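Biologist: I would like each label tied to its cut-off. Please set the value beside the definition every time.

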Amino acid sequence: MTQIDRRHLLGLAAAGGLAGLLPKAARAQASAAPVLVRGSTVLTMVPGDDEPRRADLLVRDGRIAQIAPTIAAPAGADVIDGTGCVTMPGFVDAHTHGAITQMRGLFGATQETRFFQRVSRLQAQYRPEDTYLGMHLGAVESVASGITTVADFFDGVRDRDHALAGLRALRDAPVRGRLYYGQKSKTTADPIDLAHLEALQAELPSMSDGGRLSLGIAWRLPPNLDDEAAWTVKMREVEAGRRLGLPVQVHVSGQGPAMFDALIRRRLLFPALAVIHGSDARPDQLAALNESGASLVLTPLSEQRVGFGLTRYDRYRGVRRLGLGIDGIALAGTADMFTTLRVLSLVETGGARDETAVEPRRLLALATRGGAEALGLGDEIGSLTIGRRADLQMIDLSALNLVGDDGGDPSALLVHSARPGNVALVMVGGRIVKRDFELLGIDLGKLVQDARASIRGVLDRAK
Ligand SMILES: [Zn+2]
């Protein structure tokens, strides 16, 4: 396939800009009718006001308009019967790698199929359409699972077409998406294409769908922490982030405490930075993180799968801005935030030998409000607060695996028993994107078929 064909296939503007990327979804969202959810159990996740209560909830103009015992339906409202359901904020996946979603199942715990090596080898064979399919597939599965925001760390930007394909993949998925623009591959010290990132940032307002899409920097520390030439390149990237007002994420894992120490020594912790993993972080390192205003994102499923150690919540309990991430469905195995919370809870109670070591509602807050705060979006999403964006999910408690008392606090039920298939309705920015357990406007059969063809092609080319 020629470059021109591929551009055509992806619908990208010939000039490499965003003219072809204007959102289709924007108009539908702006004109959405008010939505009234009647009689569900509402978990607001508002700090200090998060007691579950039976209430009506009104969404208007894409935002939470009212929560009250009874609300009269406005003219033209879409009224949803919430009896037997929990309504809560959508989950925030504060760190993921969508582009490799179709590699799921390829990491078999053998030397030949180790995660990092295999991803690097396969991603080197990616075409822009593979990036598009992986990121789109990942975002779609996430939304189906009750995740309304994804922070996608993209460090397979082989060229500008791949970056555009990634943005388009998030635009075409019914999700609040942030693309963190990174380097060509995980393992090299290539510089990020800052000129392209800056051009995308300038054009983003025209396609961000009222703030649904945003950009950030997928930053990596030099593979050799003593390589001053590499640091010069890396410093230029973080300075570009500051100049452009872009949030930054960085992995801190795999070299013991040295990476965290390098960030502290070089004064590279700042509020727009999210540190990912921080496995084995010492208390003094976490204190420096808090002091700087930077945030931390834990990814329990992936951290344990690749052997970063047990993710012990107790170690991070004092982190002020703490969120959770899936860290790539291909590695985590699933876009399942319920399982993520269950694992975090079980590892903590088992490790502490204390059944009461962690409260279920605290875990739900981490997966919603915590993630929003970790991404700097705490004023917009993450809780059902009047005036904030209506990113929410409804979980139907009538399913076989959730049968129990539906009168009290559902937090323990959600953490220990729920699964993505129990998510009956998802709303992003006031627009219903999943209803009656079905994603709206998405041809899942075609998506699955295309993603399978993509990974078959990648594996063939890698032979
Ligand atoms: Zn990661």
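Biologist: How do you know that R242 lies over the face of F270?

Modeller: The model is predicted, with residues numbered from 1 along each chain as its sequence is written, and local features need pLDDT of at least 70, side-chain atom pairs pLDDT 80 or more, while totals for chains, interfaces and linings use all residues. Side-chain values use heavy atoms, with hydrogens and water left out. A charge sits over a ring if NZ of Lys or CZ of Arg is within 6 Å of the ring centre and within 35 degrees of the ring normal. R242 is placed at 4.7 Å from the ring centre of F270 and lies over its face, so the label applies. R266 lies over the face of W231 in the same sense, at 4.0 Å from the ring centre.

Biologist: What makes F91 and F338 an edge-to-face pair?

Modeller: Two numbers decide, since a pair of aromatic rings is described by the distance of the centres and the angle of the planes. Rings of Phe, Tyr and Trp (its six-membered ring) pair if their centres lie within 6.5 Å; planes under 30 degrees apart are stacked, over 60 edge-to-face, and the rest tilted. For F91 and F338 the values are 5.1 Å and 80 degrees, so the pair is edge-to-face. The structure holds three aromatic pairs. This one joins distant parts of the chain: F91 is in strand β6 (residues 91–96) and F338 in helix α13 (residues 337–352), 247 residues apart. Helices (H or I, at least four residues) and strands (E, at least two) are DSSP runs, numbered from the N terminus.

Biologist: Why is the pair of F107 and F115 called edge-to-face?

Modeller: The ring centres of F107 and F115 are 4.8 Å apart and the planes meet at 70 degrees, so the pair falls in the edge-to-face class. Ring pairs also link F107, F115 and F116 into a cluster.

Biologist: Why are F107 and F115 called buried?

Modeller: Buried means under 20% relative accessible area, exposed over 50%, and partly exposed in between (1.4 Å probe, protein chains only). F107 has 7% and F115 has 11%, so both are buried. F91 and F338 are buried as well.

Biologist: What makes the largest pocket a pocket and the largest cavity a cavity?

Modeller: On a 1 Å grid over the protein atoms alone, a cavity is a set of points where a 1.4 Å probe fits but cannot get out; a pocket is an open set with protein on both sides within 12 Å along at least five of seven lines; and lining residues have an atom within 4 Å of a point. Grid points are joined across faces, edges and corners, and a volume is the space filled by probe spheres set on the points. The largest pocket has about 820 Å³. Of its 30 lining residues, the closest to the centre are F115, F116, R220, S253 and F308. Helix α3 (residues 115–123) gives the most to this lining, with four residues. The largest cavity holds about 60 Å³, and the count comes to four cavities of 30 Å³ or more. Helix α4 gives the most to the lining of the largest cavity, with four residues.

Biologist: How do you know the class of each residue in the cavity lining?

Modeller: Ala, Val, Leu, Ile, Met, Phe, Trp, Tyr, Cys and Pro count as nonpolar, Asp, Glu, Lys and Arg as charged, and the others, Gly among them, as polar. The lining of the largest cavity divides into four nonpolar, seven polar and one charged. For the largest pocket the lining has twelve nonpolar, 13 polar and five charged residues.

Biologist: What joins the side chains of R220 and D155?

Modeller: A polar contact of 2.5 Å. The term means a pair of N or O atoms within 3.5 Å; within protein, one must be able to donate a hydrogen and the other to accept it, and residues adjacent in sequence count only if both atoms are side-chain atoms. R220 lies in the loop between β9 (213–219) and α7 (228–244), and at 15% relative accessible area R220 is buried.

Biologist: Why is D61 called exposed and D327 buried?

Modeller: D61 has 66% relative accessibility, so D61 is exposed; D327 has 6%, so D327 is buried. D61 lies in the loop between β2 (53–60) and β3 (63–68), and D327 in the loop between β13 (322–324) and α12 (329–332). Most residues other than glycine have a negative phi. Phi of D61 is near 55 degrees and that of D327 near 65 degrees.
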